[in-house]
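Morning, everyone. Please have the viewer open, and stop me if I go too fast. Here is the protein for today.

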Amino acid sequence: MKFITYRTQGQDRPGLWLDGGRIADLSGAAPSLVALIAGGEAAMAAARKAAESGPVLDAKDVELQAPFPRPAKNVFCVGRNYFDHI
């Protein structure tokens, strides 16, 4: 699954990138990706349902945003491409 955040009509919304450059709107399941993750399994089940039966947009009709426009302050990343990176 490729989760994204996109902007349409001046609002940022969570989405799921689908084949063929289409986006499933997940805003019925959660207002943002942060809320979707915080919602746990119940929110993921709602996201699956929204992806199957909710609105689908063409990617060229929206503006892609950073997946987490306002990340938590405690974001920590490690590159593991090479052993020396670890």
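Let's begin with strand β4. It covers residues 56–58, and L57 is found there. One caution before we go on: this is a predicted model.

Is L57 buried, exposed or in between? It is partly exposed, because its relative accessible area is 27% and the partly exposed class lies between 20% and 50%.

What does L57 touch, once we leave aside its neighbours within four places in sequence? The list is Y6, G21, R22, I23 and V62. Now find D25. Along the chain, L57 and D25 are 32 residues apart. In space, their C-alpha atoms are separated by 7.3 Å.

So much for L57. Let's stay with D25. It lies in strand β3, residues 22–25. Is D25 buried or exposed? Buried: its relative accessibility is 10%, and the cut-off for buried is under 20%.

Look at the side chain of D25. A polar contact joins it to the side chain of Y6, at 3.0 Å. Beyond residues up to four places away in sequence, D25 touches Y6, R13, P14, A50 and P55. Y6 is also on the contact list of L57.

Next, the strand pairing. Strand β1 is residues 3–8, and strand β2 is residues 11–18. How do they pair? In the antiparallel sense, over 6 bridges. To see one place where they face each other, find I4: it stands opposite G15 in β2.

β1 has another partner. Strand β5, residues 63–65, is joined to β1 by 3 bridges. These two strands run antiparallel. Here T5 stands opposite Q65. While you have I4 and T5 on screen, recall a general point: in a regular strand, side chains alternate between the two faces of the sheet.

Now the turn. β1 and β2 form a hairpin with 2 residues between them. Q9 is found in that loop. What is the sign of phi at Q9? Positive, about 50 degrees, although Q9 is not a glycine. Q9 counts as exposed, because its relative accessibility is 76% and exposed means over 50%.

On to the largest pocket. It holds about 170 Å³ of space. Two elements give two or more residues to its lining: β2 and α1, which is residues 33–38. Which of them gives the largest share? β2, with 3 residues.

The lining includes D12, R13 and P14, then S32, L33 and V34. T5 is in the lining too, and that is the T5 we met opposite Q65. R13 and P14 are also familiar, since both touch D25. From later in the chain come P67, F68, P69 and R70. By type, the lining residues divide into 7 nonpolar, 2 polar and 3 charged.

Last, zoom out. How many helices and strands are there? 2 helices and 5 strands. From the N terminus on, the order is β-β-β-α-α-β-β. The protein has 86 residues, and 26% of them are buried. D25 is one of the buried ones.

One final number, on contacts. Take those between residues at least 6 apart in sequence. Of these, 48% join residues at least 24 apart.

That's my tour. Questions, please.

Key. Residues are numbered from 1 along each chain as its sequence is written. This is a predicted model: local features need pLDDT of at least 70, side-chain atom pairs count only at pLDDT 80 or more; totals for chains, interfaces and linings use all residues. Side-chain values use heavy atoms; hydrogens and water are left out. Helices (H or I, at least four residues) and strands (E, at least two) are DSSP runs, numbered from the N terminus. Buried means under 20% relative accessible area, exposed over 50%, partly exposed in between (1.4 Å probe, protein chains only). A polar contact is a pair of N or O atoms within 3.5 Å; within protein, one must be able to donate a hydrogen and the other to accept it, and residues adjacent in sequence count only if both atoms are side-chain atoms. Contact means heavy atoms within 4.5 Å. Two strands pair if DSSP finds at least two bridges between them. On a 1 Å grid over the protein atoms alone, a cavity is a set of points where a 1.4 Å probe fits but cannot get out, and a pocket is an open set with protein on both sides within 12 Å along at least five of seven lines; lining residues have an atom within 4 Å of a point. Grid points are joined across faces, edges and corners, and a volume is the space filled by probe spheres set on the points. Ala, Val, Leu, Ile, Met, Phe, Trp, Tyr, Cys and Pro count as nonpolar, Asp, Glu, Lys and Arg as charged, and the others, Gly among them, as polar.
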